[in-house]
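Student: I would like to learn how to read burial, ring pairs and sheets in a model. Can we work through one?

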Amino acid sequence: MRAPGFWYPERDQTSGLAPYLLSPFAFLYSSVGWLKRQVTAPERMSVPVICIGNFTAGGAGKTPTAIAVVERLISLGETPHFLSRGYGGTEVGPIQVDAAHHKGSDVGDEPLLLSAHAPTWISRDRVAGGLAAERAGASVIVMDDGFQNPSVFKDLSLLVVDSKVGIGNRRVIPSGPLREPMADALARTDAVIALGERAGLSFLPEGMPVFHATLEPAHTGADNLLARLKGARCFAFAGIGRPSKFFDTLRTLGAELAGTRAFDDHHPYSDTDVRGLITDAATHGARLITTEKDAVRLKELPNWAEFSSSLDILPVRAIFPEVAALDALLAAGLDKARAHYTYAPPGSDQGRTRVR
């Protein structure tokens, strides 16, 4: 599903009547979430849990941010494991993602990307997934999403914001993009990671720690592509939270976009889609290009080998200029968790408690 236009009105424009007409449903949505948090006693893992979440529905850049955080944790001597719900996949879990055997339709496209950087577990039951990660030797669990899920206690919650669009009209689903009222979310937020412009964060309270980062093309294996993109005629397509962000990145890299096509987030590509994209690119005299996340789903198609020869894939990574400050936040969070609570060794269920 793509975000309705009234969720993100242009600057100095109103959202129209739709948010007001939908406000009763937004109230119901908020109430259900609030009640669930009140009646659920979060389960504490025997190792620290770091959650990478966001305030809004749709793509804010959580997955590349989670990868960057795990890389920092590894540099600090930790053994991090990812934990994900596995959105878009059929596996219920808990199961460890194996890129050699699993497809995006099995475990979700994002977990497959995560698994290239650290052991990754998917589980509809987050507690069961966390226990599986503990038993497999995780010293810290990094949740990709799950901030609004109250079943697991989070020792450190980092919320990602696309600072170009912010939080839209500041209303809750379906009146706006917020997953819950801002006050409720901020009360559980330890720090905010702002991707993109150093602006658009006026909604944050004074004193909230903010770490700025940018999404940049990954240099490993992409150097030749980056050089080829300058002045290249491309037809870009993406099925992510904000396809326009990907298109803007290509323009910044010097590509000439002859055309674009936006699909819904996690769109399951079909042979018909592929044939249409090939025709569009040929009509415009351009070469196709998409995201790494889209490529995960495209690889399941029978004609992938043939299609891939006419397709470029642009991976991106979250880059933190304030890496020392981020390391300090992570280290302090881990130290606080380990000092304040008595954790059992990885692989043990001893010493685990429920907390409110």
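Tutor: Start with burial: a residue counts as buried under 20% relative accessible area, as exposed over 50%, and as partly exposed in between. Keep in mind that this is a predicted model.

Student: Is Phe-237 buried or exposed?

Tutor: The relative accessible area of Phe-237 is 0%, so Phe-237 is buried. Tyr-269 has 7% and is buried as well.

Student: How many aromatic pairs does the structure hold?

Tutor: There are 6 aromatic pairs in the structure. One of them joins Phe-237 and Tyr-269 edge-to-face, at 5.9 Å centre to centre with 80° between the planes. This pair links distant parts of the chain: Phe-237 belongs to strand β9, Tyr-269 to the loop between β10 and α10, and 32 residues separate them.

Student: Which residues do ring pairs link into a cluster?

Tutor: The cluster consists of Phe-237, Phe-263 and Tyr-269.

Student: Why is the pair of Trp-304 and Phe-307 classed as it is?

Tutor: The angle between planes decides: over 60 degrees counts as edge-to-face. For Trp-304 and Phe-307 the planes stand at 75° and the ring centres are 6.4 Å apart, so the pair is edge-to-face. Both residues are in helix α12 (residues 304-308), where being 3 residues apart separates them by about one helical turn. Trp-304 counts as buried at 16% relative accessibility, and Phe-307 is buried at 2%.

Student: Which rings have a charged end over them?

Tutor: Among them is the ring of Phe-147, where the charged end of Arg-188 sits 4.3 Å from the centre. Arg-44 lies over the face of Phe-153, 4.2 Å from the ring centre.

Student: Now the sheets. How do strands of a sheet pair?

Tutor: Strands of a sheet pair through backbone hydrogen bonds, in either a parallel or an antiparallel arrangement. One open sheet here has 4 strands in the order β10-β9-β11-β12, with parallel pairing. Its edges are β10 (256-262) and β12 (311-314); each has a single partner strand, so one side of each lacks a neighbour in the sheet. From one strand to the next, the twist averages 30°.

Student: How many bridges pair β9 with β11?

Tutor: Strand β9 (residues 233-238) and strand β11 (residues 287-291) are joined in the parallel sense over 3 bridges. Within this pairing, Phe-235 stands opposite Leu-288 in β11.

Student: Which strands does helix α9 lie across?

Tutor: Helix α9 (residues 243-252) lies across β9, β10, β11 and β12, and runs at about 160° to β9. Helix α10 (residues 271-283) also packs on the sheet; it touches β9, β10 and β11, with its direction at about 155° to that of β9.

Student: What is the order of the strands in the sheet with mixed pairing?

Tutor: That open sheet has 9 strands, ordered β3-β4-β2-β5-β1-β6-β7-β8-β13. β3 (95-96) and β13 (316-319) stand at the edges with a single partner strand each, so one side of each has no neighbour in the sheet. Strand β8 (residues 210-217) pairs with β13 in the antiparallel sense over 4 bridges. Thr-214 has Ile-319 in β13 as its bridge partner.

Student: Where does helix α6 lie?

Tutor: Helix α6 (residues 126-135) lies across β2 (80-84), β4 (120-122) and β5 (140-144), and its direction is at about 160° to β2.

Conventions: Residues numbered from 1 in each chain as written. Predicted model: local features only at pLDDT ≥ 70, side-chain atom pairs only at ≥ 80, totals over all residues. Heavy atoms only, no water. Pairing = 2+ DSSP bridges. Helix = DSSP H or I, 4+ residues; strand = E, 2+ residues; numbered from the N terminus. Axes fitted to C-alpha atoms, helices over the stretch in contact; angles between N-to-C directions. Contact = heavy atoms within 4.5 Å. Phe/Tyr/Trp six-rings, centres within 6.5 Å; stacked < 30°, edge-to-face > 60°. Buried < 20%, exposed > 50% of the residue type's maximum accessible area, 1.4 Å probe, protein only. Lys NZ or Arg CZ within 6 Å of the ring centre and 35° of its normal.
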